Amino acid sequence: MGSTFSGLSTALSSLYAQRRGLDVTGQNIANANTEGFSRQRLGLASVGAPSSPAVFAVGEPTGSGVATTELVRMRDEFLEDRARAEHATSNFLSGKDEIFSKVEQVIGEPSDTGLQSQFAEFWSAWDSLANRPGDAAARAQLLQRGTTLADSLRSSYDAVASLWDSTREQLKAYVNEINTTATTVAELNESVIRTKQAGLPGNELEDKRDLEVLRLSELTGGRALIRADGAVDVVVNGSSLVSGSEVRLLVVGGATQLPAQATSPVGLTWADTGAAASITNGSVAATMESLTVTLPTVTSSLDGVANTLATTVNAAHTAGYDLGGTLGGPFFTDTTTTPATALTLRVLITDPLKIAAAATAPVPPATQTLDGANADTISALSKSVTGPDAKYREFVVDLGIQAQSTSRRADIQRAISESADSARTAQSGVNLDEEMTNLLQYQRAYEAAAKVISVVDSALDTLINGLRR
């Protein structure tokens, strides 16, 4: 015969379980807007009747109530891995897109103040001089426009160099964030392990850790590997960044200024071994590519434009004659020994009378020549398919194509990342409608269990008090 009080025990176990369910539902509702929080579900299991009889009695076949088994964290690791991967790629493309946008602002094409407009004004000044070779004002205007063009090339280079400096500072900030975040992940790993060993739920700790791991993935493209003890390892391109409670730190090295980038490229190394650290995705990879490829390519193109300008104009200018009948010297920085660059490009002629606008020397007894054929020849360089204009236009077009392509890829990737986040949120996010339904279920079950206790209590009261009478 089963115990008369078994009904009370069964109902009491239900009260405990439903109250715990109400607590869990309340926790979910309270954290509906908490970033990184994963909704939780209470695991319930029925308690069966004793499998072996007691000495003087056997158990009831109806079971012994309900027990809570575990507090389940609603998390799909496949969706989490996908979200981390998509976020890493999105940050990489967004970082590249941002750099290209800044470079386009520096170049400022097309516009009335861009280099292309100043090239046009420079060639127009040579054309005006060809028509009025003896005009002092035309000569002075030519020198002024040549100086403005050289200054603009140098300013564009300086602006890109300044962008390189700020980008390198950004890289240092990213690396500091990686080191700090990785240390936080390692500390949370240790806390999660201890919590599990103590038999306590550590869902909130795991939520905080996974949020930090997502940030590491955004920065480095690192992959998360779950260990049996509940810890998470973070691996970056095959190298361990976080292993349980151990963490490896990164260090930035290499050039601190753009001119030194060619001989001492910016790079990352592991603090413990000094070995090179390879990061191929995430914000850090985009920043590294900007420092080592994108921005040096831009300055190299500007140097190429400056050198072509100096070389072609100097070659034509030294073949002409000035107003005094003397062969002209280099108009821009002399390129016979060292190639001109955007930083070194200067107008060497300071006297307007020394501009070699003539193609032929004066015939004695004349003391001046009003021939403007050489100025016309230099003006025609604007139409050369290998001249500085063509080289500059090719650079601007290539830059525009790369910027547009990167922008489109970044937009597409953002949409993909949002889709991955939506799928992840659908699995682990809090749905208030669902929680309200669960709240009502637990409430009704709690009320029913309380009613069972009340009924059993009434029955026992009738039984006990009735026997007394």
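What share of the 469 residues in the chain is buried? In this predicted model, buried residues make up 42% of the chain. The accessible surface comes to about 23,400 Å², and carbon and sulfur atoms hold 54% of that area.

Now for the overall build. Nine helices and eight strands make up the secondary structure of the chain. The radius of gyration is 39 Å, well over the 23 Å that the globule rule gives for 469 residues, so the chain is more spread out than a compact globule. The extents of the C-alpha trace can be read alongside that value: along its principal axes, the trace spans about 155 × 45 × 25 Å. As for contacts, take those with a separation of 6 or more: 71% of them link residues 24 or more positions apart.

On the charge side, the chain carries 37 positive and 53 negative charges. The mean positions of these two sets lie 4 Å apart.

Turning to the strands, four of them form an open sheet with antiparallel pairing, in the order β3-β4-β5-β6. The edges of this sheet are β3 (223-226) and β6 (246-247), each of which pairs on one side only. For β3, one pairing is with β4 (residues 232-236), an antiparallel match over four bridges. Within that pairing, Ile226 has Val232 of β4 as its bridge partner.

How values were computed. Residues are numbered from 1 along each chain as its sequence is written. This is a predicted model: local features need pLDDT of at least 70, side-chain atom pairs count only at pLDDT 80 or more; totals for chains, interfaces and linings use all residues. Side-chain values use heavy atoms; hydrogens and water are left out. Helices (H or I, at least four residues) and strands (E, at least two) are DSSP runs, numbered from the N terminus. The radius of gyration is taken over C-alpha atoms; the globule rule is 2.2 Å times the number of residues to the power 0.38. Buried means under 20% relative accessible area, exposed over 50%, partly exposed in between (1.4 Å probe, protein chains only). Contact means heavy atoms within 4.5 Å. Accessible areas come from the Shrake-Rupley method with a 1.4 Å probe; for residues, only the protein chains shown count as cover. Lys and Arg count as positive and Asp and Glu as negative; His and the chain ends are not counted. The place of a charge is taken as NZ of Lys, CZ of Arg, CG of Asp or CD of Glu. Two strands pair if DSSP finds at least two bridges between them.
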